[in-house]
Amino acid sequence: MISDTGRVVCYFSNWAIYRPGIGQYTIDDIPGSKCTHVIYSFVGVSNVTWEILVLDPEVDIDQHGFKNFTDLRYKYPGLKLELAVGGWGDGGRKYSQMVSLSERRRTFIDSVVEYMFKYKFDGFDVDWEYPGASDRGGSFNDRNLYFYFIEELRRAFDAANPDWEITIAVPLAKFRLQEGYYVEGLCRIVDAVHVMAYDLRGNWAGFADVHSPLYKRPHDQWAYSSLNVNDGLELWENQGCPPRKLIVGVPFYGRTFTLSASNNDYSLGTYINKEAKGGAPGNYTKAKGFLSYYEICTMMKDEEGWTDKWDDVGKCPYTYKGTQWVGYENERSLQIKMDFIKQKGYGGAMIWAVDMDDFHGLCGAKNALIEILHTNMRNYVVPDRQVMTTPTPEWARPPSTTPKDGITSYPSTAITRTSTTTRTTSYYEPTSMKPSKPSKPTKKPSTTTQYTTSSTTTTTTTSAPYIPENEVPVGDIEHEDCVIGDYIQHNDCDKYYRCVYGKKMEFNCREGTVWNHMLKTCDWPQNTDVENCVYQQKI
C-alpha cells in the first residue's frame, strides 16, 4: 500500500558518473533527505541465463556501487532504496522472451531475490518498455505474461520478505496500455505505479513542443489530443488503478529541437528540421534532443538572446534562440503539478532523474526542483479517493497463476526455502565463471516461507554453453550520431560499443565469445556472423 504521506521517488541513473566536469554525479550527491524512495537504474535481463544482468559490473560490483547505494540508509534513516531493471536502452525483446516461459520467469525471480538479499535493497522496480509493443520486440501475449510475472514476483517477495516493495514504471499513452497492461490486476498487486508522464513529445513527432503538458491544448490533434498528463492519468484510473497508487512522473530535463533556418515561428507546434535529430547536445549530457535542467538554466543565465515563454494551457515553460527550441520544467511548472497531484489525490511524485537537477546551485538554490517536490509532499496525506471505473471484461482478465497445492517454489543454487527461521545475507558474488544448473528437487519443498543462504539443493554441471555478458569498458570514443542506449558494432568481432550520453563506450566480450549484433549480446562464434568484422580465433 502507498504510505500515508506523498512519495517523492528519485531515480538515479548510474551512468551519470561518466559525465564530464561539474556534470559528474555520484551516489554521494543524492539528496536522500528530500526523497522517500531512491531507485538505482538500471540492471538488465540476460537472454542466455535469464537472470539479472549487471550492465556496468565495474561500477556496480567492483567499485561497490550497489553496496554504497544501499548504505545510504545509514545516512538517511527511513529512506527506501530500490533496484530497477529495464529502461529504454535495454529494449523490450529480452523481456518478452523472459516472461514467455514459466521456467525463465522463475529463474529471473530467483536472481532478483538473491540480489535483494545480497545488497539489501528495499524494493524492485520493473521498467520494461513496453509489454506488447511490436516496435520494441514485444508480442501479443505479453499483456497476460507480464501480469503473471508480476504476480509471481509478488509471491516470491511475500515468501522471502513481505516488506520488500514492487513498483512498476509505466507509460500513459492509450495504445501502450491496450497492448500490454492488465491495469486492474497490476495495480492490485504492486505497491506503486510510476507513471512516466513525460517524453510525450519529441523530435520524432515532427514539431516543437513541451514534452510534459499538463492539459490538452488547442493545437493538440489526433493521437496527441489526449496525450497529456491529466488525460493519461485519468486513463489509468478509469481502467481500475486506485489514485493513491499512481505516482506522477516529472522530468528534470528538457526535450530540444532544431528549427529550419528559415523558420521564424517559435510558437508551440512549429515545424522543425527533423533530420537534425533534435537540438544541439549539452556540454555535460552530450545527447541530441536532450538537455538536463542544470544545462538549460545555466544556458539561459549565461548566454544572451534566449527568450523564455510559457504554455498557458499545458503549464510548462519553453525557450528559444536562433534555430534552437527547448521545452522543459521549472520551479513554477513543478509547483503547479504538485498542486495537481494533491487535488487529484495521487500518491506522490516521481523524478527522472535526480542527477539532472541543479545539484551545484549554479542558477540559484541547490537542488531547486526537488525542493519543490519535497516541500509539497512531506505534509501531504494521500486520501483514499474512490473512483468509478470501467470493469475489465471477463474475457480480458488473465487467469491467476496460483501454484499447485498452495506451494510457491523458487529453487536456486543460492536460495533455498527451508523450515528454519534464520535469514542471513552472505550471498556469493556474481563471477565470470559458468554457473551450475540446479537439479530438480527430489521432493516437494517445505511450505514455510523463509529463505536462507545455506543451500541444500544439489547441483550438477551442465554442458550447455554459458554465454558471458558482463563486459568491461576499455575506452571512450566520440560518435556524432550516438543515441542513448544504442548498441553499435565494432570492427573487432570480440568488441562492441554502447552509447552513454552521446559517446561511444567500447566494451570487450569475454574470451572465446564475440558480439552478436542481432541478439545484442556476446555469443559463441558459431552462433554469430563474423564475416563483417575481424575475428582472431585463439588456439
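The following paragraphs lead through the helices, backbone features and contacts of this predicted model.

Local features are described only where pLDDT is at least 70 and side-chain atom pairs only at pLDDT 80 or more, while totals for chains, interfaces and linings use all residues. Residues are numbered from 1 along each chain as its sequence is written, and side-chain values use heavy atoms, with hydrogens and water left out.

The secondary structure of the chain amounts to twelve helices and 24 strands; helices (H or I, at least four residues) and strands (E, at least two) are DSSP runs, numbered from the N terminus. Of the 539 residues in the chain, 57% are buried, where buried means under 20% relative accessible area, exposed means over 50%, and partly exposed lies in between (1.4 Å probe, protein chains only). Among contacts with a separation of 6 or more, 72% are between residues 24 or more positions apart; a contact requires heavy atoms within 4.5 Å.

Two helices may be considered individually. Helix α5 covers residues 102-119, and its 18 residues should span 26 Å at 1.5 Å a residue; the end C-alpha atoms are 26 Å apart, which agrees. The expected span is 1.5 Å times one less than the number of residues. Because 13 of the 18 residues of α5 are buried, this helix is largely enclosed by the rest of the structure. K120 follows α5 and has a positive phi, near 65 degrees. Helix α6 (142-160) has 19 residues, for which 27 Å is expected at 1.5 Å a residue; its end C-alpha atoms lie 26 Å apart, in agreement. Helix α6 is mostly covered, with 17 of its 19 residues buried.

Helix α11 takes part in two helix pairs described here. In one of them, helix α9 (residues 229-238) and helix α11 (residues 331-344) have axes that come within 12 Å and cross at roughly 30 degrees. Axes are lines fitted to C-alpha atoms, for helices over the stretch in contact, and angles run from 0 to 180 degrees between N-to-C directions. The angle makes α9 roughly parallel to α11; angles under 35 degrees count as roughly parallel, over 145 as roughly antiparallel, 65 to 115 as roughly perpendicular and the rest as oblique. The crossing of α9 and α11 is right-handed, a term used if the near helix is turned clockwise from the far one by less than a right angle, with left-handed used if anticlockwise. From α9, the contact involves V229, N230, L233 and E234, and from α11 it involves K337, F340 and K344. These residues comprise three nonpolar, one polar and three charged. In this classification, Ala, Val, Leu, Ile, Met, Phe, Trp, Tyr, Cys and Pro are nonpolar, Asp, Glu, Lys and Arg are charged, and the others, Gly among them, are polar.

The other pair joins α11 to α12, whose axes are 10 Å apart at an angle of about 25 degrees. This angle makes α11 roughly parallel to α12, and the crossing is right-handed. On the α11 side the participants are E331, L334, Q335, M338, D339, I341 and K342, which meet A368, L369, I372, L373, N376 and M377 of α12. Eight nonpolar, two polar and three charged residues make up the contact of α11 with α12.

The backbone also contains cis peptide bonds. One runs from S41 to F42, with omega near -5 degrees, and F42 belongs to strand β2 (residues 37-45). Another joins E129 and Y130, with omega about 0 degrees; Y130 is in the loop between β5 (123-127) and α6.

Positive phi values occur at residues that are not glycine. K277 has a phi of about 65 degrees and lies in the loop between β9 (253-258) and β10 (290-292). Its relative accessibility is 45%, so K277 counts as partly exposed. N367, with a positive phi of about 50 degrees, is found in the loop between β14 (348-352) and α12 (368-377). N367 is buried, having a relative accessible area of 10%.

Beyond α12, V381 lies in the loop that leads to β15 (416-418). V381 is exposed, with a relative accessible area of 57%. Leaving aside neighbours within four places in sequence, V381 is in contact with D4 and T5. V381 and Y346 are separated by 35 residues in sequence and by 10.0 Å in space, C-alpha to C-alpha.
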